Every structure is written in C-alpha cells, then in structure tokens.
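Thanks for coming. I will walk through one structure this morning, part by part. Please have the sequence and the model open.

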Amino acid sequence: MNRPRLLELREIYRRELFDSVIPFWLSHSLDYAHGGQFNSLDRDGSVFDGDKSMWLQGRALWMFAKLYNEVEQRPEWLDAAHHIYDFIKRCGFDSDGRMFFAVTADGRPLRKRRYLFTETFAVIGLAEYARATGDEAALQRAVDTYRLVVEQLRNPTLLEPKIFPQTRRAKAHNVSMIMLATTQELRLAAPPDPLYVEAVDDALDQILNHFLDEEAEAVFEVRGAENEFLDTVDGRRLTPGHAMESAAFVMHEAIERGDQSLIPPALKMIDYSLARGWDVGYGGLLYFVDVAGKPPTRLEWDMKLWWPHAEALYALLLAYHLSGVDSYARWFERLHEWTFAHFPDPEFGGWYGYLRRDGSLSTTLKGSMWKGFFHTPRALWLCWKLLGEMLA
C-alpha cells in the first residue's frame, strides 16, 4: 500500500464510522423512557422489538466510552455511555452476581443463560467507563465480575454443563478468546494483578496450542478436554471470521509484550481461515466450514454476516502492518471491496447484518438481540486508527 492509498482508505473508514455508523446508533438506539439501548432496529432505525440484550448493553457501553477515551471527548458519547451504564447498574445483575441475558424494555428480567459472555462484555464496558469517568464503583464492579467469571470457569461444578461430561468432555475456543480480549481491556483500567497474567497466559496456550492445529491447517472451535480432535459436527466446525478475530487479539498481545514469537502463529490462523473460508464462487467469508468437507448442519453456514467481515478487515490490516507481507494487503483490499459493496447502507446509515451467499440482502435489520453497536464500529475505529499509525 502506498501513501495515497493509505490516505484514501483512512478517509473511507473515517467517513463510514463518524458519518454513518455512529450517527445511526446514536440517533435511534437510546431509550430515553426506560434507559439503556434498544437493540432491534430496522433499516431506518425504527424499533421493532423493545426487549433488550444485556450483553449488547455492555458492548455499547464499551464502544461509546472507548470513543470518548481514545478519539475525542465528545459530550454526546459520554452521555450515551452514562445512559447505558445506569441501565446496566439498575437492571443487569441478578442477586448472585451473574447477569441477565435479556430484559424487557423497562428492565425486567426475561432470560438468564449458562454462558458467561454477558458478564465479560459488562467487564470491558464498566472498565472503559471507569477510565472515562473515574467512577471507582464501576471499576470495582468490573473487577468483581471478572473474578466471578474466572471462578466459574475454573470450577466446573458452578456452571451447568452443556452436555453430559461423563459422556463427552469438550472445550470451546470462544471461551479462551473472550478471556484474552476481556483481560486485555480490564488491565487498561485496573491495577496490575497476577490473575490477569495467568488468564492471558492460559488463553494464549489454549488458542495457539490447542485450537490452532497446524497439521490440520485449521483453527477449531471445539476440542476434546484433553485437546483431542472430535470427529463430530461440532468438532469439525470452523468459523473463519472468529478465528481471524482471535488472531488479532493474539497480535495485540504480541505488541503489548514485545513478543515477536506470537506473530507467526497468529498469521497462520489468518492464512488457514482465508484458505478454507473465502467463498471462491461469490466472494466474502463463509460463516461456517466443515474441516473434512462434510455437509454443514447449521443452515446459515453459507450466509455472509457483518461481524466476521468487520473483524477480518482489521485482522488483515494488522497482519500486514506487523509482518510487511504484501499478500495480507492484497487480501485486505479484496475483502474491503466486497464488504463495502454489500454491508453499508448509504441511504439510512449503519450496516446490514445478514446477507445470502451471493451478497443479496436477507433481512433489512440493522440491529437485533445479537447485533448491536460493537463489531462494526470497533473494526472501523481500529482500522482508521491503524491506518493513521501506518501513515505516521
């Protein structure tokens, strides 16, 4: 990439983030009657379901606070963060310290899941909000929630198992990845703690030595408890966009530690994901792939979703920046062209979430209980920021 192209790209990502995606969510998602953020938004920003996803509240809190901390101290971003923080504080936590996954518009609990992802996103949101405001109570809640997550993960008797462990014991890549990402964010706000080092070391070990399989040239989502390959539908499943997102967190840790040895395996995670996940017929990234070429059973396997493409854009740009290998620049350009041709909505702003395999629109929604103000603005911000660093 030459300097004129870097300048051009940085302007594209600046415009998409600050003139389209942020205004869309800032204008339409905040619930001024009950607090927090509406998640289910149609193409024009109208709310089609008042129920609220609590894990998306934590994500949005992080994003607005991060923009305030890292980009510019705009009052509207801090106001949005405070608005969401207050809702999480009032309506997000159960009496046991765990969190609700879904609540009604006015904050009454609807659903509580066995997974801990809602808690991890609250951790990063609360921590970033504390950085923005100096709110010690928010930071303490982040630390306490993080410790609860660690305790639950380390003690298998505290979480109801997904399958009978006496029949099959397994572990998931998404747990290691989220613990790496969550710890990286929490330690920006909290005092140093040996627990954070332990958590990051364990996550890196799991990702690079268990889920990354260089012999199979794949990044698996599920492995046996002793790191064995599981010849099942779940055991063979690959999620290319998720693996590339995970690779970006590994590269972040390489930068943080000054440890160049972490970069080559992260690049392999990207290489394997592109080789298996790029749709040679229609372009874009397939959602799921079976490592053995057997029929995928999840019917959305060939759909094109917003978040894998957003995360892969940043992973590729970072891979090019750290390695200097031109192929990552070419892949970035290829994915950038496909992504920006299909996901952004130039009329109403924001990004669509779900496309069919050929890139045609599957649904007009811009937000749901699973899609919120997170992956798209985060990737756009990270790419815009990194392009600035590359120009400097």
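**A walk through the model**

H309 is buried, at 0% relative accessible area; buried means under 20% relative accessible area, exposed over 50%, and partly exposed in between, with a 1.4 Å probe and protein chains only. H309 sits in helix α11, residues 306–323. Helices here are DSSP runs of H or I with at least four residues, strands are runs of E with at least two, and both are numbered from the N terminus.

Before going on, a word on the source. This is a predicted model, where local features need pLDDT of at least 70, side-chain atom pairs count only at pLDDT 80 or more, and totals for chains, interfaces and linings use all residues. Residues are numbered from 1 along each chain as its sequence is written, and side-chain values use heavy atoms, with hydrogens and water left out.

Back to H309. Which backbone nitrogen does its side chain reach? That of L285, at 2.9 Å. A polar contact is a pair of N or O atoms within 3.5 Å; within protein, one must be able to donate a hydrogen and the other to accept it, and residues adjacent in sequence count only if both atoms are side-chain atoms. Leaving aside neighbours within four places in sequence, H309 is in contact with G284, L285, K304, L335, W338, T339 and F343. Contact means heavy atoms within 4.5 Å.

Next, two helices. Helix α5 covers residues 136–154, and its 19 residues should span 27 Å at 1.5 Å a residue; the end C-alpha atoms are 27 Å apart, which agrees. The expected span is 1.5 Å times one less than the number of residues. At the start of α5, a side-chain oxygen of D135 comes within 3.0 Å of the backbone nitrogen of A137. Buried residues in α5 include A138, L139, Y146 and Q152. What covers the buried residues of α5? The cover includes α3 (75–91), α4 (117–133), α6 (173–189) and α7 (194–211).

T183 belongs to α6 and is buried at 0% relative accessibility. Beyond neighbours within four places in sequence, T183 contacts Y146, Y196, A199 and V200.

The second helix is α2, residues 54–70, with 17 residues and 24 Å from first C-alpha to last, close to the 24 Å expected. Of those 17 residues, 15 are buried, so α2 is largely enclosed by the rest of the structure.

Now the sheet. Three strands form an open sheet in the order β3-β4-β5, with antiparallel pairing. β3 (52–53) and β5 (109–111) are at the edges with a single partner strand each, so one side of each has no neighbour in the sheet. Two strands pair if DSSP finds at least two bridges between them. Two bridges join β3 to β4, residues 102–103, and K52 has V103 as its bridge partner in β4.

One loop residue: L262 lies between α9 (240–257) and α10 (263–277). Is L262 buried or exposed? Buried, with a relative accessible area of 8%. Its contacts, again leaving aside neighbours within four places in sequence, are L204, L208, V250, E253 and A254. L262 and R357 are 95 residues apart in sequence and 34 Å apart in space, C-alpha to C-alpha.

Last, the cysteines. C91 is buried at 9% relative accessible area, and C383 is buried at 0%. How many disulfides are there? Zero, counting a disulfide as a pair of cysteine sulfur atoms within 2.5 Å.
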